[in-house]
Each structure stands twice: as structure tokens, then as C-alpha cells.
Amino acid sequence: MANIETATTPSAFLAQHPIKMLIGGQWVEAASGKTFDTINPSTGQVLAKVAQAEAEDIDRAVAAGRRAFESGQWPKLTPSQRGRLLWKVADLIEQHAEELAELETLDNGKPIKYSRLVDVPLTADHFRYFAGWATKLEGETIPVSVPNMFTYTLREPMGVVGQIIPWNFPLQMASWKLAPALACGNTVVLKPAEQTPLTALRLGELICEAGFPDGVVNILPGFGETAGAALAAHPGVDKIAFTGSTEVGKKIVHASADNLKKVTLELGGKSPNIIFPDADLKFAVRGAMNAIFFNQGQVCTAGSRLFAHKSVYDSVLSGMTDLARKMNLGPGIDPTTELGPLVSQEQLDRVMNYIAIGKREGATPTTGGERAEGDLAQGYFVKPTIFDRVADDMTIAREEIFGPVVVVMPFEEVEEVAARANQSIYGLAAAVWTNDVKKVHKMVAALKAGVVWVNTYNQFDAAAPFGGYKQSGYGREMGHAVLDAYTQTKTAWINLR
Ligand code: ADP
């Protein structure tokens, strides 16, 4: 915990060399001594050197998690004491809100106004919501039909939980994973994404400061193919929770098979966003902009397939094109920035490749379709891109791009658009814009997605379950639904005769 006192500003935190990992309550370098660079995506410059966890470090962290789960203070804490620790983390996040927001923006690139307004407050809120659940993990008494038996259930923690998170919402993803797992009494080995390890590590310092016993939370930055793969396959891990691409999600399932660890997955999407002609059009157009361009489109729920009714198609397209041309691109740390850079060179290449494929297959960007020039050429900036003349079977209409790129397609009928919207391997989110109550309920029922937004988009709350249909994942996060992911049920039979 040597870092805590010094690291009260982003620059103080970044001045630690290298930034260490948290294993068993100690801040340590990698067993191999290796480090990796984390990059500021607005400039392409190195922000900090970070200890690089590999299999040996994962072994040590899993052992520390096991010790903390089986012995010491953690299993003896009352639910109320566990809840207080989580609540304390929320308080500390709020006390360090500005520092965390700046660190998040420097490492990820996202506009600082969103780090301040969305990422940090929702992270604190998540810890506070799950602090409340620690005291409410009730079992049931079961009215069995076997004479003289008293039968009841207990909800017990899974054990040592491995958690692997992505780079698009580093702090929020850490809170979605850590808060419910800890509320349920598990211990955790968390691996942040290699692109954005900083805020999870700073959060680790705050978790130590809150007073969690050593080894309950271990945070190991490292690469997916080494640290992540070692965690997913580890025989000492009882459960793995993953958020990331569908492709890697499948690897996690394979890796988990040897010890049949429990798995939950929150994966990719290609979410349909549907504008009916009876919607408040101005509002719907703004909503469609937020749906695709929030967080540079690097959102698993991004409204990347926009269906506009043919009678309003031209107005939707021109309305969005006008707004996109006016968007203020810039470094995340500038408070006037609306669209920041993509997270990495790799992500920039991926998005530019999709844009090239779209053009090759015959779609036309009404705006964007290229990198930003001038001062922004050093960073990973892509102009907001809107594709017209897109057919359902084009690559850009089927595959997840994870960038500021939307495809717009016309439709005519309710049944037709529902069927086309569902034609996807994904089923994470969907949205509908209409003022007709019948259409609302028909579409909510018809859309095969884990969340359907109506006249709104990208709404999240710690109390509302979230997760995917089809290849968008297994299980649900948030709300009481996630408690199933972090507890197991034990049934007790007591013979009263
Ligand atoms: P993206 O492609 O958007 O970077 P990924 O699904 O690759 O998203 O990454 C999400 C998380 O999964 C990151 O923490 C990454 O390090 C991790 N990861 C990547 N590959 C693997 C793997 N083979 N096994 C375990 N974790 C992995």
C-alpha cells in the first residue's frame, strides 16, 4: 500500500515507476520484472509503465485469493461489515472523483465531461447499490412433500472469482465486476485491459484504503493472451466473469472447461435502433447520435444499425449528417471535446479497415469516413461517420465495428423491420423511437435483445439487469439478477423425526 499517500493527483500516480500490481494486499512488480507501456490515445505518447502480469503472477494472486476466502478476516465479517466496506469505497471514489476522471480520460481518451458526469459517478453508485445487497442474500424455506423434513436453502459465495474487463469503460467495468462479487463474499482476481490499466489500479489503492482484508481484491494488469488466458484456465479459480469481444468470449469458455468453472459473459453487439415516422423526429435524431457516437462508438450497446422509416429516412440522414459535421473532435482532456480519439492504434486500424470495406462494398459516407487531420493526426481520431446506401448483408451492417460508424437503412413495415433487426448473431440491445403505444409493446416483445430502450438510448442503472441474448453473452449483470452469478445455492435437509 506504499502508493496511497503519494498518489493523490493523476501526475503523482503516473510518476510511480513502474505502476505496480496488487497481490495479497501488497503492491508488487511482476515476477518476471517485465513492464508494458500504456499510451495516451490523444497524443500517441507513453503515459506510464505498468507491471506486466503473466502466469506466475496469476498463480500468486489466485493463491492469495484462496487464502483470503478460506481464512483470515474476510469469511468472518458480518454481511453488514462487508456492506460498510463497499460503501466506504463509494465514498472514496467520490472524494477522488476529479483525479479518477482525469486518469480515465488520459488513459482511455474519452471526453473529460463524460468521465466526470458518467463514468465516475456511476462507478461510485455501483459500489453503493451493492453495499446494500450484502445484507439481503436470503435463502428460502422449501415446503417439500417428504414427511418430517425441514428444508431450506443458503446462498453462498462461489469462492475465488477471476474477472477480465475491457478498455471502453475501465472504471465502470471494474465496478460492475468487483462490487457484486464482493457483496456476495467472494474474493477476486481482476485483470484490467492492457490498453487502460490505470484507473483499476488506482481503484485498488482506494479499496485497500477502505480496509478490505489482504488478498480479497487482487488487481493484475497484463495482456489477454498471457495473463487473461492464465486466469481463464486456472484450476484454482471457481468462476470467471468476462466482458469483451464475442471472439475472446468463446476462448474463455474453452479455457474454463478443464475445471468447469462457472462462466458469465457480456459480449459484443450490433444493436438495431429503429425510428418510426410518428416519433418526435428531432429528439430521435439526437438520440440516434448519442446511440452511436457516445464514447466514440466504443460501446457494446452502440446503436450501429439505424433503421429509419422510408418516409423520414432523408430527414434522419440529413439531420444526423449536419450534427455529425458540427461535433467537436479533440483530446479527451479538453472540456469542450465531444468526440475523443479511439483507444489505440489497433482500434484505429480496425475501424479504418471497416470504413474501407464499406466503401468497397458500395456504401457511401455522407460525412466522415476518414481520420482527423492537423493537430489531431498524432492521436487515434476518426471523424464521425454515417453510411448511406447500406444493404443488410454488407459487412459493415453485420459485424461489430466498435467505432464512430453508423449504417443507416430504410424500412417500411413493423414486422419487416423487427425481422431485419433480429437478423444478427448478436442480441445485446435494441431501441425504438415512436409515440404509438401499440408499436412500443409489439416491438419490445419482438426484439431479441437483453435490453430494449424506447425513446431513449444507452440508459444504465445499477438496479436494472443487463446482458445479452444469442452470442452477446451468458448471464446478467446489475440488479438482483447478478447475484445468481456470484452465489451458489446450498439446500439443507433436516430430519425432524
Ligand atoms: P477488444 O478486442 O475490444 O480489445 P477483447 O475481447 O480482446 O476486446 O479484450 C477484452 C479483455 O479480454 C481484455 O482485458 C483482454 O486483455 C482480454 N483478453 C484478450 N484475449 C484474451 C484471451 N485469449 N484470454 C483471456 N483474456 C483475453
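In this predicted model, the buried residues of helix α8 pack against five elements: the helices α2 (55-70) and α9 (246-256), together with the strands β7 (160-164), β8 (187-191) and β10 (239-243). Helix α8 itself spans residues 224-233, and its buried residues are A227, G228, A230, L231 and A232. In general, an α-helix has 3.6 residues a turn, so residues three or four places apart point the same way. Helix α2, one of the packing partners of α8, also holds D59. The relative accessible area of D59 is 42%, a value over the 20% limit for burial and under the 50% limit for exposure, so D59 is classed as partly exposed. From D59 to A418 the C-alpha distance is 48 Å, and the two residues are separated by 359 positions in sequence.

The largest nonpolar core comprises 106 residues, among which L178, F212 and M320 touch the most other members. Helix α6 (residues 170-183) supplies the largest share of this core, with nine residues. The surroundings of M320 were examined further. When neighbours within four places in sequence are set aside, M320 is in contact with V285, A288, M289 and I292, as well as with L306, I386 and V406. A second core, separate from the largest one, contains 31 residues, including I274, A363, F387 and M443.

The ligand is surrounded by 17 residues, of which I165, W167, K191, E194 and S245 are the closest. Three of these side chains place a polar atom by a ligand oxygen. For W167, the distance between a polar side-chain atom and an oxygen atom of the ligand is 2.9 Å. For K191, the corresponding distance to a ligand oxygen atom is 2.9 Å, and for S245 a polar side-chain atom lies 2.8 Å from an oxygen atom of the ligand. On its own the ligand has 550 Å² of accessible area, and the protein covers 83% of this area. Strand β8, against which buried residues of α8 pack, spans residues 187-191, and K191 is among the residues closest to the ligand.

The cysteines were considered next. A disulfide is a covalent bond between the sulfur atoms of two cysteines. The structure holds zero disulfides. C184 has a relative accessible area of 3% and is therefore buried, the limit being 20%. C300 has a relative accessibility of 14%, which also falls under 20%, so C300 counts as buried.

The loop between α1 (10-14) and β1 (21-23) contains I19 as well as P18. The peptide bond joining H17 and P18 is cis, with an omega of about -20 degrees. I19 is buried, because its relative accessible area is 0%. Leaving out residues up to four places away in sequence, I19 touches F13 and L14, the run A48, K49, V50 and A51, and also L198 and L201. The C-alpha atoms of I19 and P197 lie 9.5 Å apart, although 178 residues separate the two in sequence.

Several further features fall towards the end of the chain as numbered. K470 lies in strand β20 and has a phi near 50 degrees, a positive value in a residue other than glycine. With a relative accessible area of 38%, between the limits of 20% and 50%, K470 is classed as partly exposed. S472 occupies the loop between β20 (469-470) and β21 (473-474). Because its relative accessibility is 0%, S472 counts as buried. The side chain of S472 reaches the backbone nitrogen of G427 at 2.9 Å. Beyond four places in sequence, S472 touches two groups of residues: L265, E266, L267, G268 and G269 on the one hand, and Y426, G427 and L428 on the other.

M478 is located in the loop between β21 and α16 (483-486). Its phi is positive, at about 70 degrees, although M478 is not a glycine. The relative accessible area of M478 is 3%, and this residue is therefore buried, whereas K470, with its positive phi, is partly exposed.

Terms used:
Residues numbered from 1 in each chain as written. Predicted model: local features only at pLDDT ≥ 70, side-chain atom pairs only at ≥ 80, totals over all residues. Heavy atoms only, no water. Core = buried A, V, L, I, M, F, W, Y, C linked by side-chain atoms within 4.5 Å. Buried < 20%, exposed > 50% of the residue type's maximum accessible area, 1.4 Å probe, protein only. Helix = DSSP H or I, 4+ residues; strand = E, 2+ residues; numbered from the N terminus. Contact = heavy atoms within 4.5 Å. Near = heavy atom within 4 Å. Polar contact = N/O pair within 3.5 Å; in protein donor to acceptor, adjacent residues only side chain to side chain. Areas by Shrake-Rupley, 256 points an atom, 1.4 Å probe, with all protein chains shown as cover. Disulfide = S-S within 2.5 Å.
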